[in-house]
Amino acid sequence: MAPMDMTRTTPARPVDVEALFPELARYRREAVRLHPRAGDPGVEDSSIGGPLLWPQTEPWPYCDHAHPHTACVPEKPGPQPMVPVLQLYAADLPDIVPAPPFPEGKDVLQVLWCPFDHEPDYMPRPQICWRDRHAVAAAQYVTPPPRPEGADEDHIPAPCVLHPERVVEYPGWDLPDDLAEERQERFERPEAETGWSYWSHLSIADGVKIGGYPNWTQEPSWPDCAQCGTRMDHLLTVPSTEFDGESWRTWLPLEDRPTTGTVLDLDYDERRKVQNPSALMLGDMGGVYLFVCRNCPGHPSAHRGDCS
């Protein structure tokens, strides 16, 4: 497995969140920001949009769901080939608590999706595969997978290598009801007093990430497991961008900050290398969220789409 070429370091929070809001300590969660950056990953690398470790004996997956008549519709009817979105080796993840939900005996997470619109979210439809890399290393998939005809390039990620980093998050939209009632007063006071917004700068990490809280752009829509009925855990967020015009102030890694000025002062092409390295654009800067149930065998999954 190729080593990561560079680390990414999220700056420390500019204020002590738990000192400002002691009641949030019990809602602290760890997440892993994946920090995709343009690269040339191989099948044995963790990646966004890179080749997958795929057994030659296993057929490439196709989407046979109906596609609504939108601007993002296949050129030809019938099943459409899925496209690689994410491959993540457990060995590349820093330790987090609770541990990333790899099923027993599996150490590779693969995510593919159909890049065409699907109801009800009018977003790509993802599919999760869990693998034991040692079981397929001798028969790795080396042939380029079929490419769906007519797919929107904004829904097909460009190849990126990953730079995983563990961070701490606090709830945003997922604030408990009793705390959410105080949004207009206590949770907006720090911005007036310090210039740092709880919502943009202190709570939820931007970008592609494993675990933690979904970075909802609308009200939360947590799925329940179809097998046991319990609320599922957030597995993965795949957003359109790594930061926005305000959140970069605390979530942009130190290594990506220009020596003079700010990232917003860079020309478009240079800024895009950091803000949108995968070249995805889901709706109006929306995202796709994947969830799993830790309680049931096989870790059944669900997803939500957010067009923003």
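Let me start with one residue: Asp244 counts as partly exposed, because its relative accessibility is 34%. On that scale, buried means under 20% relative accessible area, exposed means over 50%, and partly exposed lies in between, with a 1.4 Å probe and protein chains only.

Before going on, some ground rules. This is a predicted model, in which local features need pLDDT of at least 70 and side-chain atom pairs count only at pLDDT 80 or more, while totals for chains, interfaces and linings use all residues. Residues are numbered from 1 along each chain as its sequence is written, and side-chain values use heavy atoms, with hydrogens and water left out.

Back to Asp244. It lies in the loop between strand 12 and helix 6 (248-251). Helices here are DSSP runs of H or I with at least four residues, strands are runs of E with at least two, and both are numbered from the N terminus. Apart from neighbours within four places in sequence, Asp244 is in contact with Asp206 and Gln275; contact means heavy atoms within 4.5 Å. Pro297 is 53 residues from Asp244 in sequence, and their C-alpha atoms are 38 Å apart in space.

Now the sheets. One open sheet has 6 strands in the order 10-1-11-12-13-14, with antiparallel pairing. Two strands pair if DSSP finds at least two bridges between them. Strand 10 (165-169) and strand 14 (301-306) are the edge strands, each pairing on one side only. From one strand to the next, the twist averages 25°. Those angles are taken between N-to-C directions, from 0 to 180 degrees, using axes that are lines fitted to C-alpha atoms, for helices over the stretch in contact. Inside this sheet, strand 11 (residues 209-211) and strand 12 (residues 233-239) run antiparallel and are joined by 2 bridges. Lys209 has Thr237 of strand 12 as its bridge partner.

Another open sheet, also antiparallel in its pairing, is formed by 6 strands in the order 2-9-3-6-7-8. Strand 2 (37-38) and strand 8 each have a single partner strand, so one side of each is left without a neighbour in the sheet. Strand 7 and strand 8 run antiparallel, with 8 bridges between them. One bridge pairs Cys114 with Arg125 in strand 8.

The loop between strand 7 and strand 8 has some backbone details. Pro120 lies there, and a cis peptide bond joins it to Glu119, with omega about 5°. Tyr122 is in this loop too. Its phi is positive, near 55°, in a residue other than glycine. Is Tyr122 buried or exposed? Neither: at a relative accessible area of 35%, it is partly exposed. Elsewhere, Ala279, in the loop between helix 7 (268-275) and strand 13, also has a positive phi, about 65°, without being a glycine.

Next, the nonpolar cores. A nonpolar core is a set of buried Ala, Val, Leu, Ile, Met, Phe, Trp, Tyr and Cys residues joined through side-chain atoms within 4.5 Å. The largest one has 28 residues, and Leu34, Leu86, Leu109 and Leu236 have the most contacts inside it. At least two residues of this core come from each of strand 6, strand 7, strand 8, strand 12 and strand 13 (287-292). Which strand gives the most to this core? Strand 6 does, with 4 residues. Leaving out residues up to four places away in sequence, Leu34 touches residues including Leu86, Leu162, Val208 and Leu236. A second, separate core has 12 residues, among them Cys72, Met82, Leu112 and Cys129.

Last, the aromatic residues. There are 11 aromatic pairs; rings of Phe, Tyr and Trp (its six-membered ring) pair if their centres lie within 6.5 Å, with planes under 30 degrees apart counted as stacked, over 60 as edge-to-face and the rest as tilted. Phe21 and Tyr198 have ring centres 5.6 Å apart and planes at 80°, so they are edge-to-face. In sequence they are 177 residues apart, with Tyr198 in helix 5 (residues 198-202). Phe21 is buried at 2% relative accessibility, and Tyr198 is buried at 0%. Phe21, Phe187, Tyr198 and Trp199 form one aromatic cluster.

To finish, the charged end of Arg13 sits over the ring of Trp251, 3.8 Å from its centre. Such a charge is NZ of Lys or CZ of Arg, within 6 Å of the ring centre and within 35 degrees of the ring normal.
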